[in-house]
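These are my notes from a session with one structure. I put the questions down as they came up and wrote the answers under them.

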Amino acid sequence: MKTLVTYMSQTGNTKKIAEAIYGELEGEKDIKPITEVKDLQGYDLAFIGFPIMQFDIPPVVKDFVSANTSGKKIAIFMTHAVPEGFEAIHSWTGSYEQAAAGADILGKFDCQGELAQPIIDMLLKADDPQMKAFGEMGPSTKGQPDESRVQKAKAFAKEVQAKV
Ligand SMILES: Cc1cc2nc3c(=O)[nH]c(=O)nc-3n(C[C@H](O)[C@H](O)[C@H](O)COP(=O)(O)O)c2cc1C
């Protein structure tokens, strides 16, 4: 059994979760940024991770998932700035589903990730009130994903791998 953990991460939050998942996996395994993965050939299972951006899956990840996951066993992990219980979160974290329509999705994990200071600064200057509200929420995200979230990601990795 060979497993890939691949991810997009600009400020390290999703990478932290990727590494936690990778550390729990048994058997042959690789971990790579999504830009370094050509396709999923040779892998029995792929964990694919990304940050929610603009309430959606980032375009580069969407293209990768559309092109490569049909008929494959995959699991999705995501980080986002809002708390896990945030009202609109399900529509954002479900945004990969169309791209992964042909895949066998074994699991999905999402957790809060810190909003980086330059992003907070940018959002606070935005005209859009929703963006400004995000910026104001920024300081409350500090330190995420914390150890409890990392532990949940590890449990998720085990749970998914047990299904293969
Ligand atoms: C351009 C941009 C757009 C973002 N849009 C959202 C969003 O719509 N909802 C949200 O909860 N977080 C949003 N975030 C916050 C990131 O999802 C969050 O900080 C994530 O943990 C970053 O992951 P990374 O460190 O792996 O890049 C956005 C961040 C950036 C930079």
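Entry 1, the pocket. Which helices and strands each supply at least two residues of the lining of the largest pocket? Before answering I note that the model is a predicted one. I looked up the lining and found four elements that each give at least two residues: helix α1 (13–24), strand β4 (73–80), helix α4 (117–124) and helix α5 (129–137). Of the elements, α4 contributes the most, with three residues.

I then took the volume, which comes to about 580 Å³ for this largest pocket. Its lining has 25 residues, and those closest to the centre are Ile-52, Met-53, Gln-54, Leu-115 and Ile-119. I sorted the lining by class and got 14 nonpolar, 10 polar and one charged.

Entry 2, Gln-54. I went back to Gln-54, as one of the residues closest to the pocket centre. Gln-54 sits in the loop between β3 and α2. Is Gln-54 buried or exposed? Its relative accessibility is 63%, so I enter Gln-54 as exposed. I also checked the backbone: phi of Gln-54 is near 50°, a positive value in a residue that is not glycine. Phe-55 belongs to that loop between β3 and α2 as well, and Phe-55 has a positive phi of about 65° without being a glycine. As background, most residues other than glycine have a negative phi.

Entry 3, aromatic pairs. How many aromatic pairs are there? I count six. I wrote out two of them.

The pair of Phe-55 and Phe-134 is stacked, with 6.1 Å centre to centre and 25° between the planes. Phe-55 is in the loop between β3 and α2 while Phe-134 is in helix α5, so this pair ties together parts that are 79 residues apart in sequence. For burial I have Phe-55 as partly exposed, at 29% relative accessibility, and Phe-134 as buried, with a relative accessible area of 13%.

Phe-134 also pairs with Trp-92, and that pair is tilted: 6.1 Å centre to centre, 55° between the planes. Here helix α3, which holds Trp-92, is joined to helix α5, which holds Phe-134, so the pair ties together parts 42 residues apart in sequence. Trp-92 is buried, at a relative accessible area of 7%. Following the ring pairs, I arrive at a cluster of Phe-55, Phe-86, Trp-92 and Phe-134.

Entry 4, nonpolar cores. Which residues have the most contacts inside the largest nonpolar core? I find Ile-48, Phe-50, Val-61 and Ile-74, in a core of 32 residues. The elements that each give at least two residues to this core are β3 (45–51), α2 (59–68), β4, α3 (89–93), α4 and α5. Another core lies apart from this one; it has 19 residues, among them Ala-20, Ile-21, Phe-47 and Cys-111.

I listed the contacts of Ile-48, leaving out residues up to four places away in sequence. Ile-48 touches Thr-6, Ile-34, Val-61, Phe-64, Val-65, Thr-69, Ile-74, Ala-75, Ile-76 and Phe-77. Val-61 and Ile-74 are on this list and also among the residues with the most contacts inside the core. As a general note, nonpolar side chains in soluble globular proteins tend to be buried together.

Entry 5, two lysines. Where is Lys-15? I find Lys-15 in helix α1, and at 36% relative accessibility I enter Lys-15 as partly exposed. Beyond residues up to four places away in sequence, Lys-15 touches Tyr-7 and Ser-9. From Lys-15 to Val-5, 10 residues away along the chain, the C-alpha separation is 9.9 Å.

Lys-152 is in helix α6 (residues 147–161). Its relative accessibility is 55%, so Lys-152 goes down as exposed. I also took the C-alpha distance from Lys-152 to Gly-42, which is 28 Å for 110 residues of sequence.

Entry 6, a peptide bond. Is the bond from Gln-144 to Pro-145 cis or trans? I find cis, with omega near 0°. Pro-145 is in the loop between α5 and α6. For reference, most peptide bonds are trans.

Key
Residues are numbered from 1 along each chain as its sequence is written. This is a predicted model: local features need pLDDT of at least 70, side-chain atom pairs count only at pLDDT 80 or more; totals for chains, interfaces and linings use all residues. Side-chain values use heavy atoms; hydrogens and water are left out. On a 1 Å grid over the protein atoms alone, a cavity is a set of points where a 1.4 Å probe fits but cannot get out, and a pocket is an open set with protein on both sides within 12 Å along at least five of seven lines; lining residues have an atom within 4 Å of a point. Grid points are joined across faces, edges and corners, and a volume is the space filled by probe spheres set on the points. Ala, Val, Leu, Ile, Met, Phe, Trp, Tyr, Cys and Pro count as nonpolar, Asp, Glu, Lys and Arg as charged, and the others, Gly among them, as polar. A nonpolar core is a set of buried Ala, Val, Leu, Ile, Met, Phe, Trp, Tyr and Cys residues joined through side-chain atoms within 4.5 Å. Buried means under 20% relative accessible area, exposed over 50%, partly exposed in between (1.4 Å probe, protein chains only). Contact means heavy atoms within 4.5 Å. Rings of Phe, Tyr and Trp (its six-membered ring) pair if their centres lie within 6.5 Å; planes under 30 degrees apart count as stacked, over 60 as edge-to-face and the rest as tilted.
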